[in-house]
Structure formats: structure tokens, C-alpha cells
Amino acid sequence: MDAYSSLRPPEPSQELEPCSCSSLTSVMIYPHFSPNPLICRACSGEVAPERVPLEPGFAHRLGRWAQLQDAFETLWIQAEEDEELEHLARDAQENFKSALNQRGYALAQELDKNIDCYYFLFYDVTGAEHDPPEGCPNCSQTLKPLQDANGFRRKQACHACKIVL
Ligand SMILES: [Zn+2]
Ligand SMILES: [Zn+2]
């Protein structure tokens with residue numbers, strides 16, 4: 001970091017270790033500031049895309065979606081005191097019915113035909129504005145504890161809809 005760092009290209013993100021499981025049984029679409037939003041549900045590591053059986057064109061669509069998600073994340077961070085921008089960015093990410101989430105969830109369901117695939121639904125845990133949802137945003141059923149993700153912060157899921165909250 002120096003006085004000019006904001007005008008230079010960003011450092012590559014190294015937030016998640018790569019998945020090193022010998023076999024891959026379950027994945028999750030989990031945006032984490034990487035072009036590839038796929039993580040392994042067993043170890044929470046990023047999954048190399050070539051390890052997942054993907055239909056032609058799917059990787060491209062998933063990558064485009066990750067860029068869109070990233071744009072809303074950036075909007076939120078950059079909105080600062082602008083409430084209108086902040087609301088727009090927050091709603092796109094937290095509201096399951098938003099175009100962003102509907103498109104992301106459709107990708108998860110498509111991938112689920114090839115490999116068990118969950119969808120991570122973001123909500124802001126830092127703000128005291130509202131509590132995390134109590135029921136599944138898709139089917140309203142009570143959420144169940146999520147025990148199979150090592151060190152993963154979120155602890156609830158609807159296993160029928162394959163949504164993690
Ligand atoms: Zn793994
Ligand atoms: Zn559900």
C-alpha cells in the first residue's frame with residue numbers, strides 16, 4: 001500500500017486454499033472475490049473447474065455470473081454513505097428473488113444435475129438492521145444445521161432446495 005495503490009491493478013486474491021480432497025462429492029457456488037465461485041463442501045477450498053463435469057458453455061455463464069456478483073459487491077463497498085446505492089447492492093445480494101440470485105440459483109440447479117451442488121445466499125451479518133432469515137427463502141421450511149463444511153462460517157441450510165444461509 002502506498003499513496004498510489006488505488007490506481008494500480010489489484011493484487012490477485014488468495015483468500016481460499018485450493019481443494020485437495022481426493023474425490024469431489026459436493027460443491028457450492030460461493031462468491032469469494034475469485035473469477036471461479038466453486039468451492040468444495042467438504043474442505044471449503046476452491047475447486048479447480050476442470051475437476052467438475054460441466055456442460056458446454058456452463059463455465060462461461062458461471063464466470064459471467066461471478067463477475068456480475070462481484071460488481072454488486074464492489075458497488076456495496078464503494079457506496080459508502082450513499083444509501084440508495086447501498087440498498088440496491090444489498091437487495092441484489094440478500095434478496096433471494098433478485099435477478100442476481102435467481103440467475104445464480106438456476107446455475108446451481110443446472111450444475112446439480114452433474115454433481116451435488118448447493119447455492120450460498122449472502123446476508124449481511126455485520127449490520128444490526130435485520131436478523132438472518134429463519135426459514136428457507138425458497139420453500140419457507142425450517143433451516144437445518146450445516147455440519148459438513150469445515151470452518152465454514154454459515155451454519156444453516158435447506159437441504160431440499162440446497163441453499164446455504
Ligand atoms: Zn475439498
Ligand atoms: Zn427450501
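Which residue in E3 is the bridge partner of Val27? In this predicted model, the bridge partner of Val27 in E3 is Cys117, and this pair belongs to a sheet that is described below together with the helices and the nonpolar core.

The protein chain contains three helices and six strands, which follow one another along the sequence in the pattern β-β-α-α-α-β-β-β-β. Of the 165 residues in the protein chain, 21% are buried. Among contacts with a separation of 6 or more, 48% are between residues 24 or more positions apart.

The six strands form an open sheet with mixed pairing, in the order E2-E1-E3-E6-E5-E4. E2 and strand E4 (144–145) stand at the edges and have a single partner strand each, so one side of each is left without a neighbour in the sheet. Strands of a sheet pair through backbone hydrogen bonds, and the pairing may be either parallel or antiparallel. E1 and E3 pair in the parallel sense over four bridges, whereas E3 and E6, which also run parallel, are joined by two bridges. E5 and E6, by contrast, pair in the antiparallel sense, over two bridges. Ile163 in E6 takes part in both of the pairings of that strand, for it stands opposite Tyr119 and opposite Cys158.

Ile163 is also prominent in the largest nonpolar core, which has 24 residues and in which Met28, Ile29, Tyr118 and Ile163 touch the most other members. At least two residues of this core are supplied by each of strand E1 (26–29), strand E2 (38–40), H1, H3, strand E3 (116–120), strand E5 (156–158) and strand E6 (163–164). In soluble globular proteins, nonpolar side chains tend to be buried together. For Met28, when neighbours within four places in sequence are left aside, the contacts are with Ile39, Arg41, Cys117, Tyr118, Phe120 and Val164.

Helix H1 comprises the 22 residues 58–79, which at 1.5 Å a residue should span 32 Å, and its end C-alpha atoms are 31 Å apart, in agreement with that expectation. Its buried residues are Leu62, Ala66 and Gln69; seen down the axis of H1, the buried residues fall within an arc of 65°, and they therefore line one face of the helix. An α-helix has 3.6 residues a turn, so residues three or four places apart point the same way. The buried residues of H1 pack against helix H3 (99–111), while His60, Arg64, Gln67, Thr74 and Gln78 are exposed on the other side of H1. H1 is followed by Glu80, which has a positive phi near 50°.

Helix H2 has twelve residues (83–94) and should span 16 Å at 1.5 Å a residue, which agrees with the 16 Å that separates its end C-alpha atoms. Ala89, Arg90, Ala92 and Gln93 are buried in H2, and because the buried residues fall within an arc of 160° when seen down the axis of H2, they line one face of the helix. The cover over these buried residues includes H1 and H3, whereas the face turned away from the buried side carries the exposed residues Glu83, Glu84 and His87.

H3 lies across E1 and E3 and runs at about 165° to E3. H3 is thus placed against the sheet strands E1 and E3, against the buried residues of H1, and among the elements that cover the buried residues of H2.

Methods: Residues are numbered from 1 along each chain as its sequence is written. Chains are lettered from A and ligands numbered from 1 in the order in which they are written. This is a predicted model: local features need pLDDT of at least 70, side-chain atom pairs count only at pLDDT 80 or more; totals for chains, interfaces and linings use all residues. The expected span of a helix is 1.5 Å times one less than its number of residues. A residue is buried if 20 or more other C-beta atoms lie within 10 Å of its own, exposed if 12 or fewer, and partly exposed in between; C-beta atoms are placed from the backbone. The arc is that of the directions from the helix axis to the C-beta atoms. Two residues are in contact if their C-beta atoms, placed from the backbone, lie within 7 Å. A nonpolar core is a set of buried Ala, Val, Leu, Ile, Met, Phe, Trp, Tyr and Cys residues joined through C-beta atoms within 7 Å. Two strands pair if DSSP finds at least two bridges between them. Axes are lines fitted to C-alpha atoms, for helices over the stretch in contact, and angles run from 0 to 180 degrees between N-to-C directions.
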